[in-house]
Amino acid sequence: MSQDKTDSDIKRQSDGLQKVTVGGVVFILLPQRALLWQERKILIVADIHFGKAAAFRAGGVPVPHGTTAHNLAMLDALISAYDIAHIIFLGDFLHAKTARAPTTLQALQNWREAHASMTLTLVRGNHDRHAGDPPDALNMAVVEEPFLLEQLALCHHPQQVGGAYALAGHTHPVIRLAAGSESLRLPCFVFGPRQATLPAFGAFTGGHVIEAGAEERIFICTDDKVFFYPTQAP
Amino acid sequence: MRRRSPDADVDAGSGSSEAGLKSIRSKRTDIDQRTPLDHWFAAKGWKIFPFQREVWKMARQGESGLLHASTGSGKTYAVWFAALQHAMPILAKRGQLSPVVAEADQPKARCKSVAETGLRILWITPMRALAADTARALEEPLAALLPAWSIGSRTGDTSGSERARQMRSLPSALITTPESLSLLLSQHDAAARFDHLDAVIVDEWHELMGSKRGVQTQLALARLRTWRPQLMVWGLSATLGNLQQSKDALLGLNRGVLVQAATRKKIVVDTLIPDHPSRFAWGGHLGMQMLSAVTEEIDKHASTLVFTNTRSQAELWYQNLLAARPDWAGQIALHHGSLDRAVREWVEVAIKTGQLKAVVCTSSLDLGVDFTPVERVLQIGSARGVARLLQRAGRSGHSPGRVSRITLVPTNTLELLEAAGARKAVAAGQVEQRPVPNVPLDVLVQHMVTIALGGGFRSDELFEEVRSAYAYRALRPDQWQWALDFVARGGQSLIAYPEYQRVVPDEEGVYRVPDAAIARRHRMSIGTIVSDSSMQVQYLRGARIGTIEEAFIARLKKGDRFLFGGRMLEFIRVHEMTAYVRRATSGSGAVPRWQGGRMPLSSTLAHAVLDCLEQATHGDYPGPEMQAVKPLLALQQKWSALPTAQVLVVEHLQSREGHHLFFYPFAGRLVHVGLASLLAYRLARRRVTTFSIAVNDYGFELLSTTPVDIADLFPASTVTGELFSSEHLLEDVIASLNATELTQRRFREIARIAGLVFQGFPGQPKSTRQLQASASLFFEVFRKHDAANLLLTQAQTEVLEQELELQRLRETLAELRQRSLQVCSVTRATPFGFPLMVERFREKLSTEKLSDRVERMLKELEKAASK
C-alpha cells in the first residue's frame with residue numbers, strides 16, 4: 001500500500017470522523033462499528049446477532065440479559081444522531097433458532113414500532129439460514145447476497161463481485177494493537193481494493209484477529225473514535 | 001512368626017497423638033489383621049517403620065489422617081496397608097479365611113462374591129502418568145494378601161473399552177485423578193457405585209491442596225462421606241510450612257490425625273561457584289558461563305536431572321549442552337510440559353531404565369515416577385522457594401536410606417545470595433506454607449452441575465455437604481443462593497429466563513439436568529485445569545512435536561526459525577490449529593516464551609536471604625556462596641548500604657534518564673509490582689508525576705522525569721507516613737494497577753471452570769459451535785450487564801490474592817514499618833540497582849481512557865517504524 005494513495009483517499013474531517021470513498025460512495029466510519037452513507041441516509045451494520053444471549057441460555061450457559069437492549073439502544077443513538085431512513089443489515093440478524101426467545105422478539109417488535117417508517121433490509125447470512133428469517137411483523141426486506149445497490153454489492157460473506165465494490169461482514173475482524181508491553185484487541189474495518197469487511201455490530205459478539213494484507217487499509221474502533229491504523233509499508 | 005501380642009503392637013505405635021480415641025476394638029481382629037502384613041514385609045526382607053505401624057493402628061480405629069513423609073521412605077505402603085486392613089475384617093466376615101491361607105488354598109471361584117462387592121478403595125493421584133506405576137506398586141502385595149481383589153486405573157488416558165468394562169463393574173481398588181473421580185460422580189448411578197467404598201487415599205496431597213484441583217478433590221470427598229459416613233481418608237504429603245492446615249483441607253476442620261514419619265531424609269544442598277562472579281549482575285548474565293561446570297558435573301555421574309525454571313530456559317540449555325558435547329547426542333534429552341506426550345513418556349522410561357546421561361527438564365519432572373537411577377540433581381537459576389528445592393532434591397537418591405542432593409547453578413551473582421539463603425532455610429527446616437483456595441465459586445458451580453447429573457441434589461442438603469469441605473467452610477447462604485440461581489435460573493434471581501434449563505428442580509425439590517446435550521457438554525468439560533490456548537506443532541508429514549502458545553505462532557512468518565523440542569525448526573504454515581514446520585538446516589532463531597509461572601521468591605527464602613545480608617553487615621560471610629558474593633556486597637555497602645530485616649535501603653540516583661528511586665524490601669517480584677505501583681500512585685497523588693516501574697525479586701525502581709524531593713518524601717529515619725500505610729490498601733492497589741486487564745485475564749480460567757466457555761472437541765456438532773464465545777466477551781458482557789456477578793468478584797479476588805499477593809503485600813508493609821530507613825544518594829547504579837535498571841519490564845502507570853491510549857500506542861508504533 002502506498003502512503004500517498006492513502007492520504008488522498010482519506011479526508012480527516014474537522015469533527016474527527018474518518019471517511020472512505022469506495023464504489024463511488026463517501027462513507028463515514030462510525031466508532032459504533034457502522035458505516036454511514038449520508039447522501040442516501042443509509043446506515044450499514046454487520047453481524048448484530050440478535051438473541052445470541054438467549055440462545056446461550058437455552059444451551060444452559062448463563063448470560064445476563066441486556067445485550068439486545070444494548071444493541072437496540074445503539075441503533076437508536078445512531079438514528080437520533082444522524083438522519084437515517086434505511087438500515088441495511090449485512091447478515092446474521094438472528095443468532096440461532098433458539099435466539100427466537102419471546103422476550104427478544106418482543107423487544108425487536110417494540111423497537112420496530114418506534115421506527116415504523118424506517119426501511120429495513122437484511123442480506124441473509126449463514127446464521128440467518130439456520131435461525132430463519134425475521135418475523136414478518138418486523139417488516140424487513142430480506143435479500144440474498146450479493147445485493148446490488150448502485151456500484152456496491154452488499155454481502156454477508158466477504159467476496160469479490162464483478163463490477164461492484166463489495167461490503168461484507170461475517171468474520172468479525174479485530175486487530176491486535178501492540179506497542180511496548182501493551183497489547184489490545186480492537187474491532188476494525190478492513191478496506192481492500194475491491195471489498196471491505198465491517199466489524200461486528202452486536203454487543204455480544206467476539207472477534208477474530210486479522211493481519212492487514214498489503215492492499216488493505218485498517219480502521220480501528222474505540223468507544224468514541226475511529227483511528228486509521230498505519231500498516232507498515234514495505 | 002505370624003502372631004504377636006496386640007500389646008506389642010500398641011507399644012510400637014506409642015508416642016503417637018491418640019488423645020481422646022475411644023474406639024472399641026476386638027483383640028482378635030487385631031491379631032488377624034496385623035499378622036499377614038508382618039508376614040509379607042518379612043518375606044520381602046523389609047523392616048516395618050514405626051510410622052507405618054502408627055498409620056496402621058490409627059486406621060484400625062477407623063481414624064483418617066495425613067501422613068507427612070518424604071519420597072522414597074515407604075509412605076506408599078503405610079497408607080496402602082492401612083486401607084487394606086481397614087477392608088479386611090469385612091472380607092473375613094464373608095467367609096474369607098486368613099488371606100495368607102486364601103492365597104494357598106482358596107479356589108478363585110469362591111472369591112467371586114468379593115469382586116462383586118465392587119469398589120472398596122479409591123487412590124487419587126494428581127498425575128495420570130503416575131497411575132500405571134502406582135498400580136504396579138499396589139498390586140504387588142495384593143496378589144499375596146487379597147488375591148480375589150482386582151486393581152485398575154481410570155484417568156484421561158484410559159481406553160474407551162476399559163472404561164466401558166469399568167462401568168459394568170469397577171475394580172476393588174481404583175487409581176484415578178480428581179477429574180476422573182468427578183466424572184464418576186456425574187454418573188446417574190454414582191451412589192450405588194460407591195456403596196462399598198471403605199477408604200480413599202490421596203497421594204501427593206501437597207501438590208493438590210493449593211489449587212482448584214485440590215478444591216475439586218475436597219468436594220468429591222465431601223460427597224463420598226455423605227454416602228459413606230464411616231469412610232476412611234488418608235493423605236500423603238511432602239514437607240510444608242502448614243501441615244496442620246493441609247490436613248484440615250483434606251479431612252475437614254480439626255478432623256483426623258497428622259502422622260509424621262520420623263525418618264528424615266538427608267538432603268544436601270550445595271552450589272557451583274562461578275570462577276568470576278561479576279559485581280554487576282543482571283538476569284541470566286552468568287548463564288552460559290556455568291556451562292562447562294555443568295557439563296563436568298554431568299560427566300562425573302551416571303544420570304543427572306538438570307532443572308530449569310522455564311521451558312525456554314530448558315530449550316536453551318539443552319541446545320548449549322549439545323553444542324558443548326556433540327558426543328552426548330542420543331544420551332541427553334529434553335523434557336517439558338509442551339512436548340508431545342509420547343516424547344515425554346519415552347524420556348521418562350529412558351530415565352527409569354538408566355539409559356540417559358542427563359535430562360534437561362522443568363517442573364514437568366517435579367513429580368512423577370520414581371527415577372531410581374538418578375544420582376545428581378542440578379538446579380539452574382534460583383529455585384525461588386524451599387519446598388520446590390526439596391521436591392527437586394528428592395528426585396535423586398530415591399529410596400530409603402540414600403542421600404538426596406541438589407546443586408544450585410547460579411545464573412547471576414545475586415543468586416549466590418539466594419543459594420546461601422536456601423541452605424540456611426533447609427538447615428533450619430523452614431519451608432513455605434501453601435495457601436488453600438477460599439470459596440472458589442467457579443469450582444462450586446461446576447460441582448453443583450456434576451452432582452445434579454450424579455443423582456441430583458436438594459439445596460439445603462448439598463449446602464451442608466459443601467460446607468463440610470474446608471475450602472467452603474465460610475460459604476455464606478447468600479453465596480450459595482447465588483450459585484444455585486446461576487446454575488438453575490441463569491443468573492439474577494429476580495429475572496426469569498424461561499429458555500434457561502441447565503439444572504432444574506423436580507416437584508420434590510431435587511435438582512437434576514434434564515437436557516442430554518447439556519449433560520454431555522458438562523461431562524466433556526469437567527475439571528479445573530485450564531490450558532493456555534495452544535497449537536499443535538507438527539512436521540509437514542508426520543510426527544507431532546508438542547504444543548506452543550498461539551500467541552507465539554501468530555507472530556511467526558513463513559520461513560521464520562525457532563527452537564523447540566531441542567531442534568531448530570522452520571515455520572511453514574498454520575492449518576486447522578496445527579502449526580506445520582520442517583527441520584531448519586542452519587541458522588539461529590527465537591525461543592518460544594510460554595506464558596505463566598514466573599514464580600516469585602518465596603517469603604521464607606527472602607527472609608533467609610535478609611538474614612544472610614544481616615550477617616554480612618557484621619563482616620560475616622559464612623560458606624562458599626557468601627564468600628563468592630562478598631565483593632558484590634562489599635561494593636554495595638561502600639556505595640550505598642546493605643538492606644536487612646532491620647533496614648530498608650532506598651537509593652536516589654539522578655541520570656540522563658531522569659530521577660530514580662530504588663527500594664530493596666526483598667519481598668518477591670509480585671509484591672514489588674504491587675508495592676511499586678502503590679507508591680507511584682500515592683506519590684502521584686501528592687504531585688502529578690508519571691513513573692516508570694521496574695521490579696525484580698529483591699526490589700523495585702521508580703523512575704520519573706521530574707525531580708523528587710527526598711527530604712520531603714522521607715522526613716524521618718523510619719518507614720512511616722501515608723506512603724507506607726496499610727490504610728485504603730485495597731482501593732489504592734486496585735486504582736494503581738490496571739486491575740481490569742489483570743482481572744480479565746484471570747476470568748478466562750473461571751469462565752472455563754464455571755462452564756461458560758467450552759474447549760472445543762473433535763467432531764463437535766454445529767449446535768455447540770453456536771454456543772462458543774470467548775471468556776473476554778463474557779467478561780465484557782457481565783461487567784456491562786451483571787456487574788454484581790460473583791464470578792467477577794472472584795476473578796478480582798484471585799488477582800489480588802494470587803497475582804499480586806495482597807496478603808503478603810500487607811505483611812510486607814507491616815514489616816517495613818518496623819524497619820529503619822536509610823536513604824542513600826548515589827552517583828551511579830549500585831550492584832543491587834543495576835539489575836533493576838536493565839530489567840526490561842517497564843510498566844506504565846496509566847489510567848488513560850481507551851482512545852487516548854490507542855492514540856499513544858499508534859504514535860509509539862509510528863515512531864518505531866520511522867526509525
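How many residues of chain A are in contact with chain B, and how many of chain B with chain A? In this predicted model, the count is 35 residues of chain A against 35 residues of chain B. On the chain A side, three elements each give two or more residues to the surface that touches chain B: the helix α2 (52–58) and the strands β11 (173–179) and β12 (182–191). The largest share comes from α2(A), with 5 residues. Sort that side of chain A by class and you get 18 nonpolar, 12 polar and 5 charged residues.

Let's stay at the boundary and pick out one glycine. G60(A) sits in the loop between α2 and α3 (67–81) of chain A. Set aside its neighbours within four places in sequence, and G60(A) is in contact with Q501(B), R502(B), D515(B) and I518(B). Is this glycine buried or exposed? G60(A) counts as buried because 24 other C-beta atoms lie within 10 Å, and the cut-off for buried is 20 or more. For a sense of scale within chain A, the C-alpha atoms of G60(A) and L148(A) are separated by 40 Å, with their positions 88 residues apart along the chain.

Now for the strands of chain A. In a regular strand, side chains alternate between the two faces of the sheet. You can follow this along β1 (residues 18–22) of chain A: Q18(A), V20(A) and V22(A) point to one face and are buried, while K19(A) and T21(A) point to the other face and are not. The partner here is β2 (residues 25–30) of chain A, which runs antiparallel to β1(A) and is joined to it by 5 bridges. One of the paired residues is T21(A), whose bridge partner in β2(A) is V26(A). Together β1(A) and β2(A) make a hairpin with 2 residues between the strands, and G23(A) in the turn has a positive phi of about 55°.

Over to chain B. Its 867 residues are 46% buried, and its secondary structure comes to 35 helices and 27 strands. Take the contacts in chain B with a separation of 6 or more: 76% of them are between residues 24 or more positions apart. The domain assignment splits chain B into domain 1 (47–260), domain 2 (267–428), domain 3 (441–528 + 741–797), domain 4 (534–583) and domain 5 (642–737 + 804–851). Taken over C-alpha atoms, the centres of domain 2 and domain 3 of chain B are 42 Å apart.

A helix pair is a good place to look next. The axes of α12 (residues 212–227) and α19 (residues 441–453) of chain B come within 10 Å and cross at roughly 35°, and the crossing of α12(B) and α19(B) is right-handed. On one side of the contact are K212(B), V215(B), Q216(B), L219(B) and R223(B) of α12(B); on the other are V443(B), H447(B) and I451(B) of α19(B). By class, the residues of this contact divide into 4 nonpolar, 2 polar and 2 charged.

Finally, there's an open sheet of 5 strands in chain B, in the order β18-β17-β21-β20-β19 and with mixed pairing. The edge strands are β18 (544–549) and β19 (561–564) of chain B, each pairing on one side only. From one strand to the next, the twist averages 45°. Inside the sheet, β20 (residues 567–575) and β21 (residues 578–583) of chain B run antiparallel and are joined by 6 bridges. Among the bridged residues is F571(B), whose partner in β21(B) is V581(B).

Terms used:
Residues are numbered from 1 along each chain as its sequence is written. Chains are lettered from A and ligands numbered from 1 in the order in which they are written. This is a predicted model: local features need pLDDT of at least 70, side-chain atom pairs count only at pLDDT 80 or more; totals for chains, interfaces and linings use all residues. Helices (H or I, at least four residues) and strands (E, at least two) are DSSP runs, numbered from the N terminus. A residue is buried if 20 or more other C-beta atoms lie within 10 Å of its own, exposed if 12 or fewer, and partly exposed in between; C-beta atoms are placed from the backbone. Two residues are in contact if their C-beta atoms, placed from the backbone, lie within 7 Å. Ala, Val, Leu, Ile, Met, Phe, Trp, Tyr, Cys and Pro count as nonpolar, Asp, Glu, Lys and Arg as charged, and the others, Gly among them, as polar. Two strands pair if DSSP finds at least two bridges between them. Axes are lines fitted to C-alpha atoms, for helices over the stretch in contact, and angles run from 0 to 180 degrees between N-to-C directions. A crossing is left-handed if the near helix is turned anticlockwise from the far one by less than a right angle, and right-handed if clockwise. Domain bounds come from an automatic or database domain assignment.
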